[in-house]
Structures are given as structure tokens and as C-alpha cells.
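Please open the model in your viewer and keep the selection tool at hand; the stops below are meant to be taken in order.

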Amino acid sequence: MSSNPLLRVTHLRKHYNVAKGVLFAKPLGQVKAVDDVSFTIAAGETLGLVGESGCGKTTTSRLILNLEDPTSGEILLLGQPIHGLRGEALRTYRAQVQAVFQDPWSSLNPRMTAGRTIAESLIVTGWGTRDVIAQRVRELLDQVGLRADHANQYPHEFSGGQRQRIALASALASRPRLIVLDEPVSALDVSIRAQMMNLLKDIQGRDGVAYLLVAHDLATVRHMTDRTAVMYLGKIVEYAPSQSLFAKVAHPYTKALFSAVLPPHPDRAEEEIVLSGEVPSPMQPPNGCGFHTRCPFAISRCSTVEPVLREIAPSHFAACHLHDG
């Protein structure tokens, strides 16, 4: 982990109380959506956050965007805690941390022109005069590969790829330090995905912006990220430089995830792993390792002792008893 990262997430937890009824609600328990998650993101770096639906990726990103408060733990941006911010401090944080969401068809206001959409955050934060903001909008449109006259068009006049470029321009407007990319290319045609990924990497290379890439598509994660964290039932089960992780997977869940969605390497004989059963309820997770009920390699202690995320190779961490040594 970086010693002086842009973003530091430490022992982050988000638990939701679940109750039955309205007037006389009966407590049923807690959903541990995020349960003791820690990682860092350096300036100019991309961290991938992957896992099945319901694993806690989106909740983690919402906590980082300061859209929700954590149950416990801490998120620091440049060494400063982000929760509890108010007024000008909160507006400054919103300018420094932006997001691009999955669906380019619903993430833009249909009543706003592209230019107004991009300018909105600049107007709210008092970026400058009308002329200064108009110039910044033109710069941003050019930066994402659109023409200046696109500023006067409405979302329905653009393709999906163009809409996502507008969303990216809007996120870049305030010159953020970090952008949360929540499935940014999954709703786009395959032919457009590579263009969008290359654009994101070009912008990162030029401006030094950091990305948190939340994604199901492991091919996108492999192409885009410097490091990858794999989540299961609200916990990180494997965390490593992406090149190392994709070359030598350590955790059985990661192996199964990769086996299901990545094509086999032509030069390696790899066993296909098919998971049995459903993902356990986050309200009643299994004892011990949360994955042991579906793991084909589970041993006796997996059902009683929760494994600790520890370093099993240089900068490669896994939470699995098979690597206890």
C-alpha cells in the first residue's frame, strides 16, 4: 500500500438495520454490506473493485463519494477525513471526487443541453464568469473528443458513447483528483468500449487523475487497472497488482470468478471452477470463511475460523486458509 496515498480507506464498515413492519417494526438483524474493508489509491493510479452483484462494491463507492456515512472506519482524502464535512468543505470535496455512472441513457438530464450539463458543477462552485465557464466547457468537449457545437445539443441527440463522453466531461469539469467509475463501459457497444477505455487512460496520463473502477467486466479491469481488489460478502478476499493477480490467482473465489468470465489462456491448461449454491445472505453470513459453503477446496477450519487478509507474496494479499503456510 502507498505510504502517502491520495485516498486511504481503513477498516470501513457499513451495516444496515433490517426490520419487519412499519408502525411497530420488529428488528430482524443487520446487513453487513461493507465489513472491514481497507485499501489505498495513489495519485494517477487506477484501482479495480470486482465481485458478484451484492458483494459491496457499490456501497463502498457510495461511501467514498460521501453519499452515505459509514457505520465505522475511516476514509481520508489527502490525509483529511471526508465524513462530517459541511458547507464549503463539503463543496470542495465534491469538486475533488467525481463519478461517472453506468447508464449513459439515464445519467444525463434530458432537459439540459450538453454544455449546461458540463457547466453545472462550475456554476454551483462559482468557477468564474460566464465567459470563463463557456471556455472551460469548450476545452472539456475537445478533451473528450466532441465538437464545440455539441454544447447546444440535448442528450437524445447523442449516441450512447457520446453521452458517456459528456458524463466524463462533466466529471472532469472541476479538475478532480479522483473519479469513481461505476461500470463506465458496460452499457456501451463492444466497438465503443475500447475507445472509451483508451480515452480514460489518455486523460489519466495527461492530468494524473486517479480512478476507482467498479466493474463486473474483468477484461476491462485487466486493461485499465494498476491494482485489483476482489470483494465477497462485504469483504476484500484478494488484493494485488493487477498484473500479478491475473497471472497467478490465489483465492478460490477469484479463481472461480475468473474461470467464469475470462477466456482460458491458450498456453496454459487451466481447470474450470464451477461454484455450487447461491451467495449467502449478508444478513446471515456463514461462520468462519464466508466463502466456505461454495468453495471446492474448503478444509475443516474454513467453517470455524475467519481467515485474515495477509500478504502471501510481495504486495499480493489473500484471505484464505490454504495460504496460511
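**A tour by selection**

Start with L322, which is found in the segment after strand 12 (316-318), and keep in mind throughout that this is a predicted model. Is L322 buried, partly exposed or exposed? With a relative accessibility of 41%, L322 counts as partly exposed, because that class lies between the 20% limit for buried and the 50% limit for exposed residues. Add F297 and I299 to the selection, and you will have a nonpolar patch on the surface, in which these two residues and L322 together have about 230 Å² of accessible area.

Next, select the open sheet, in which 4 strands follow the order 2-1-4-5 with antiparallel pairing. Its edges are strand 2 (26-41) and strand 5 (80-81), each of which pairs on one side only. Within the sheet, strand 1 (residues 7-20) and strand 4 (residues 72-77) run antiparallel and are joined by 5 bridges; to see one position in this pairing, centre on R13, which stands opposite S72 in strand 4.

Move on to helix 5 (residues 160-172) and pick out S170, which lies in it. S170 counts as buried because its relative accessibility is 18%, which is under the 20% cut-off. If you show its surroundings, leaving out residues up to four places away in sequence, you will find that S170 touches Q98, T117, I118 and S121.

One of those contacts of S170, I118, leads to the largest nonpolar core, a set of 52 residues in which I118, V144, L168, I179, I203 and Y211 touch the most other members. Helix 5 gives the most to this core, contributing 6 residues. Centre now on I203, whose contacts, apart from neighbours within four places in sequence, are Q143, V144, L168, L172, G208, V209 and Y211. A second core, separate from this one, has 31 residues, among them F39, I41, A210 and M231.

For the last stop, select T228 in strand 9 (residues 227-232). How far apart are the C-alpha atoms of T228 and G48? They are separated by 4.4 Å, although the two residues are 180 residues apart along the chain. T228 counts as buried because its relative accessibility is 1%. Once residues up to four places away in sequence are set aside, T228 touches L47, G48 and V50, together with V221, E238, Y239, A240, S242, L245 and F246.

Note on methods
Residues numbered from 1 in each chain as written. Predicted model: local features only at pLDDT ≥ 70, side-chain atom pairs only at ≥ 80, totals over all residues. Heavy atoms only, no water. Pairing = 2+ DSSP bridges. Helix = DSSP H or I, 4+ residues; strand = E, 2+ residues; numbered from the N terminus. Patch = residues over 30% accessible without salt bridge, like charges linked within 9 Å, V, L, I, M, F, W, Y side chains within 5 Å. Areas by Shrake-Rupley, 256 points an atom, 1.4 Å probe, with all protein chains shown as cover. Salt bridge = Lys/Arg side-chain N within 4 Å of Asp/Glu carboxyl O. Buried < 20%, exposed > 50% of the residue type's maximum accessible area, 1.4 Å probe, protein only. Contact = heavy atoms within 4.5 Å. Core = buried A, V, L, I, M, F, W, Y, C linked by side-chain atoms within 4.5 Å.
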